[in-house]
Amino acid sequence: MHFTDEQPFLDAIFARYSDDGPRLVYADFLDEAGEPERAELVRVQLALARIPDAHPRRAELVNREAELRDAHSARWTEPLAGLVTAVEFRRGVPDSVTVTAGVFLERGAELFRTARVRRLRLLDAAEAIEKVAESPLLAAVRELDLCGNELGHAGVARLVDSPHLGALAALDLGFNGLDDRAAAALARSSALVNLSVLALNDNDTITCDGVRELAASPFYAGLRRLDLSGNTVGARGAAALTARVAFPHLHTLGLRGNPLGDEGAEHLARSPLLARVLARAHALDLRDAEIGSAGAAALAESPALARCATLDLSGNEFGEAGFVRFAAAPGLSGLRTVRLARNRITDAGLSAVRSRLPA
């Protein structure tokens, strides 16, 4: 089967990217074209995208997906052999590729002729970031992954000067050694006005100042997902994130590994943002956030927590007294999983609150 045979179906899929309908039509076409395994992969991945992690069929589907990929992906991606480092099938379509920055600059046009590239992950991009930013091929990319490239603030400043980022919906800048200067450069960039997903996780040194810059920027009003995990966002940063005028559409927020403290936890507990996050994901991860007894109690007493099914407060060390206060809160009935490792809770503390814990 030639790429041109698939063209009308792929055109329909990319024109209505979030709609399953064109993908199911594509699966029917693959069946008729003698590619039943490809058709099955489309249907399996669509099913996995729809069902929750706890669904009884999930393990079966995950195993079947792996079997199909292991047996057939080399043949399915043969035109890209030697051109990319990795290809990922997402909801049945191989639209995500990993490539070195050098190959992207030398053979990018060939890559984009051969594959529909919605998500581009670049490796070894630090030294070449200025030339990457100048490439008009970026205009066709919707998700750009630069995770782990150690760009630093200078690299980010060069990236956001690119005139080709207007179509970007997602940008991953995790593990890049970024600081508040990089956050400020992002905040000033009107090129990213259509961004809905931004990952700044595990950069260590983004503080409340960088968060305030982003929260005050008019260019990030449409942001839906923001990952600030593994930084130095403290209570003032939490206050900026939860201000009523900041990120009005944000519904997914990563904050684990930040020194929020009790004050930061209290800002979060009182905010409409927490309610939006829990309405969407029903899960909250605040591991290693330096939350003490008062912060744990404030979270437990937040009306928003009624929507939370999974709560991770590991590594906060709020102790026996904090645990008792937490467990005494009335709104924990919806919790199904609570992780409290490394909080200095003993058997005595568990015994004291056993009758108040959800069954």
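How many disulfides does the count come to? In this predicted model, the answer is zero disulfides. A disulfide here would need a pair of cysteine sulfur atoms within 2.5 Å. Two cysteines can still be placed by their burial: Cys-147 is buried, with a relative accessible area of 19%, and Cys-308 is buried too, at 1%.

Next come the sheets. One is an open sheet of eight strands, running in the order β1-β2-β3-β4-β5-β6-β7-β8 with mixed pairing. Its edges are taken by β1 (86–90) and β8; each has a single partner strand, so one side of each is left without a neighbour in the sheet. From one strand to the next, the twist averages 10 degrees. Inside this sheet, β5 (residues 170–172) pairs with β6 (residues 197–199) in the parallel sense, over three bridges. Leu-171 has Leu-198 of β6 as its bridge partner.

There is also an open sheet of three strands, ordered β9-β10-β11, and here the pairing is parallel. The edge strands are β9 (283–285) and β11 (337–339), each with a single partner strand, so each has one side without a neighbour in the sheet. Neighbouring strands are turned by 5 degrees against each other on average, direction ignored. The pairing of β9 with β10 (residues 310–312) is parallel and covers three bridges, and Asp-285 finds its bridge partner in Asp-312 of β10.

What about the inside of the protein? In general, nonpolar side chains tend to be buried together in soluble globular proteins. In this model, the largest nonpolar core has 85 residues, and those with the most contacts inside it are Leu-120, Leu-144, Leu-171, Leu-173, Leu-186 and Phe-247. Helix α8 (residues 180–187) gives the most to this core, with five residues. As for Leu-186, beyond its neighbours within four places in sequence, its contacts include Val-156, Val-160, Leu-171, Leu-173 and Tyr-220. Another core, of ten residues, lies apart from the largest one and has Ile-13, Ala-27, Ala-39 and Val-93 among its members.

Helix α10 (residues 235–242) is largely enclosed by the rest of the structure, because six of its eight residues are buried. The buried ones are Ala-235, Gly-237, Ala-238, Ala-240, Leu-241 and Thr-242. They pack against a mix of helices and strands: α9 (208–216), β7 (225–227), β8 (252–254), α11 (261–270) and α12 (272–281).

Charged side chains have their own story, with 26 salt bridges found in the whole structure. One of them joins Arg-38 and Glu-6, at 3.4 Å from N to O. Arg-38 sits in helix α3 (residues 36–50) and Glu-6 in helix α1 (residues 3–15), so the pair ties together parts that are 32 residues apart in sequence. Both Arg-38 and Glu-6 are buried. Helix α3 also takes part through Glu-40, which is tied to Arg-64 of helix α4 (residues 58–76), a link between parts 24 residues apart in sequence. The closest N and O atoms of that salt bridge are 2.8 Å apart. Arg-64 is partly exposed at 30% relative accessibility, and Glu-40 is partly exposed at 26%.

Some links stay within a helix. Asp-209 and Arg-212 both lie in helix α9, three residues apart, about one turn of the helix, and their side chains meet in a salt bridge of 2.4 Å, N to O. Asp-209 is partly exposed, at 36%, and Arg-212 is likewise partly exposed, at 36%. Finally, Arg-90, Asp-95, Arg-118 and Glu-143 are linked in a network of salt bridges.

Definitions and conventions:
Residues are numbered from 1 along each chain as its sequence is written. This is a predicted model: local features need pLDDT of at least 70, side-chain atom pairs count only at pLDDT 80 or more; totals for chains, interfaces and linings use all residues. Side-chain values use heavy atoms; hydrogens and water are left out. Buried means under 20% relative accessible area, exposed over 50%, partly exposed in between (1.4 Å probe, protein chains only). Two strands pair if DSSP finds at least two bridges between them. Helices (H or I, at least four residues) and strands (E, at least two) are DSSP runs, numbered from the N terminus. Axes are lines fitted to C-alpha atoms, for helices over the stretch in contact, and angles run from 0 to 180 degrees between N-to-C directions. Contact means heavy atoms within 4.5 Å. A nonpolar core is a set of buried Ala, Val, Leu, Ile, Met, Phe, Trp, Tyr and Cys residues joined through side-chain atoms within 4.5 Å. A salt bridge is a side-chain nitrogen of Lys or Arg within 4 Å of a carboxyl oxygen of Asp or Glu.
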